[in-house]
Amino acid sequence: MNAQTPTHRLRAGMVGIGMIFDETYRPFFERTHAEGMYDRRFGDVAVELSAVASRTGKRTDAYLKSAGNRIGPCQNFHGNHSVAEMLKGGIDFGCVATPDDRHFEASQAILSAGAHLLVEKPSVLTLSELDQLIELANEKNVLAKVVYHKLLDPDHKKMRTLVVDDVLQHVNNGYCSLLEPKSISGSQFAEWIKGRNPGTYVAVHYIKLIDFSFGGKLKTITATGQRGIVGPASGNTWDSTQMRMIYEYPTGREAAFDIHTSWVTPDNFPGYVEQEVQFRFDNGLWNGHSRKRGVECTVEGKTPFTLKNSMNNHYNGTFCEPWGERSQRGYGIEVLERFAREVAYVEYAGSKEDRSKRLAEMRKLNYNDLAADRQTVAAVQALEAILAHAADGEPDCVVRVNDEQGGLVLYRPGSQEPEVLYSGSV
Ligand SMILES: NC(=O)c1ccc[n+]([C@@H]2O[C@H](COP(=O)([O-])OP(=O)(O)OC[C@H]3O[C@@H](n4cnc5c(N)ncnc54)[C@H](O)[C@@H]3O)[C@@H](O)[C@H]2O)c1
């Protein structure tokens, strides 16, 4: 088959090239390099990974060597000024996949350079950072979006569809859990794990799922956790966390949600990343379980270490397609492609004069727009503050949203003095 010459081009820059790059961005960029991206509205668009910025540049080097002609020319920037250097070369959109407490600066730099932004979840850790990014995106007329790939998981999409169609009516309460093995905290994330917790970066998937699927107003956040495996029992690095959020709906009725996360489950537990949700409605029950929906596979000498017992073939499975081609596909990759399509739509699906209309249209997509991430970031900021107080010897704090003291207010047991975490309205 003859390849057509693309009508347009989008140059992408990547900040951070760790596990999530390998699982989702790599297959995405390799596929667009091979196939481009087409839509009748914006035509044939070449989407190329043109630069990577990271701390050491070693993984980029190794990747570029191993990728060969699966991607095009790509520059490797590393060190303290890597993001600024990458931006000097010019990119159309930038993706941020650094550890969760290092999202803000890179995101700010990308938006300031006038490029569209895609940042991994949680977008940022505080509402004031969120405000700054939203303002910058408005000023520069670009998109600022966040990756919540679990919203594209077919099971979660089906649940939300039943809610949207009023088949499942009024959520009352629910719980979600996500368990990861010790190898995640012990080796994969060892470089940045000090002072961190397994709630912020994975509970946030469920915070968003609940926020996006059921709507409502976030009212209260409480949280607790355990220490002593990843770090000292009295320190600020957490093994597992449990948080609770209370929402209120327009009818005045409330719902409570518990989210449990851990990164110290034994390495040989069968679930690997085990994910479970249960939501209870006025008229029904939704139970989702990553192992029960799927496959259990045992291979001597391989599972569960180099091959997972229960594979999530929906997320980013590698396949030999029936037509012989090798592929890697799933919702983890689909969500990145959606964003690239949104950028291509803004830039190329019509006249320059109508660009602002297209931009406004894409900004209305609440599933990924930063402007719609307020309650999720509020919950994350509250979780971080509650855990920080607990590590400082003040457990059992409660954070309330939009009360008479401010937008996000922390209350300590036995103290009359509230701490205002964010004064504006959430
Ligand atoms: N969507 C998901 O399910 C999912 C899964 C895992 C991780 N993530 C998210 O992706 C992000 C990265 O996670 P990961 O698992 O790839 O982490 P990782 O530790 O494997 O990789 C982090 C990368 O960031 C780079 N980096 C660190 N600090 C940097 C800085 N200041 N400037 C430039 N580069 C820097 C490192 O060099 C490394 O390449 C996190 O926000 C995490 O929440 C998402």
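A biologist and a modeller talk through how the words used for this predicted model are earned.

Biologist: What should I know before we start?

Modeller: Residues are numbered from 1 along each chain as its sequence is written. The model is predicted, and local features need pLDDT of at least 70, side-chain atom pairs count only at pLDDT 80 or more, while totals for chains, interfaces and linings use all residues.

Biologist: How do you know how many helices and strands the protein chain has?

Modeller: Helices are DSSP runs of H or I with at least four residues, strands are runs of E with at least two, and both are numbered from the N terminus. On that count the protein chain comes to 11 helices and 18 strands.

Biologist: What makes β8 and β11 a pair?

Modeller: Two strands pair if DSSP finds at least two bridges between them. Strand β8 (residues 171-181) and strand β11 (residues 254-265) have 8 bridges, in the parallel sense, so they qualify under that rule. One of the bridges joins Y175 to D258 in β11.

Biologist: And what about β10 and β11?

Modeller: They pair in the antiparallel sense over 9 bridges, with M243 opposite I259 in β11. These two strands form a hairpin with 5 residues between them, and G252 in the turn has a positive phi of about 90°.

Biologist: Why are β13 and β18 said to stand at the edges of the sheet?

Modeller: The sheet is open, with 9 strands in the order β13-β12-β8-β11-β10-β9-β16-β17-β18 and mixed pairing. β13 (284-289) and β18 (419-422) each have a single partner strand, so one side of each is left without a neighbour in the sheet. For β18, strand β17 (residues 406-411) pairs with it in the antiparallel sense over 3 bridges, and V409 stands opposite V420.

Biologist: What makes a residue part of the shell around the ligand?

Modeller: Its C-beta atom, placed from the backbone, must lie within 6 Å of the ligand. There are 24 such residues, and the closest are G16, G18, M19, I20 and E120. The largest share, 3 residues, comes from α1.

Biologist: How do you know whether the size of the protein chain agrees with a compact globule?

Modeller: The rule is 2.2 Å times the number of residues to the power 0.38, and the radius of gyration is taken over C-alpha atoms. For 426 residues a compact globule would have a value near 22 Å, and the protein chain has 22 Å, so the two agree.
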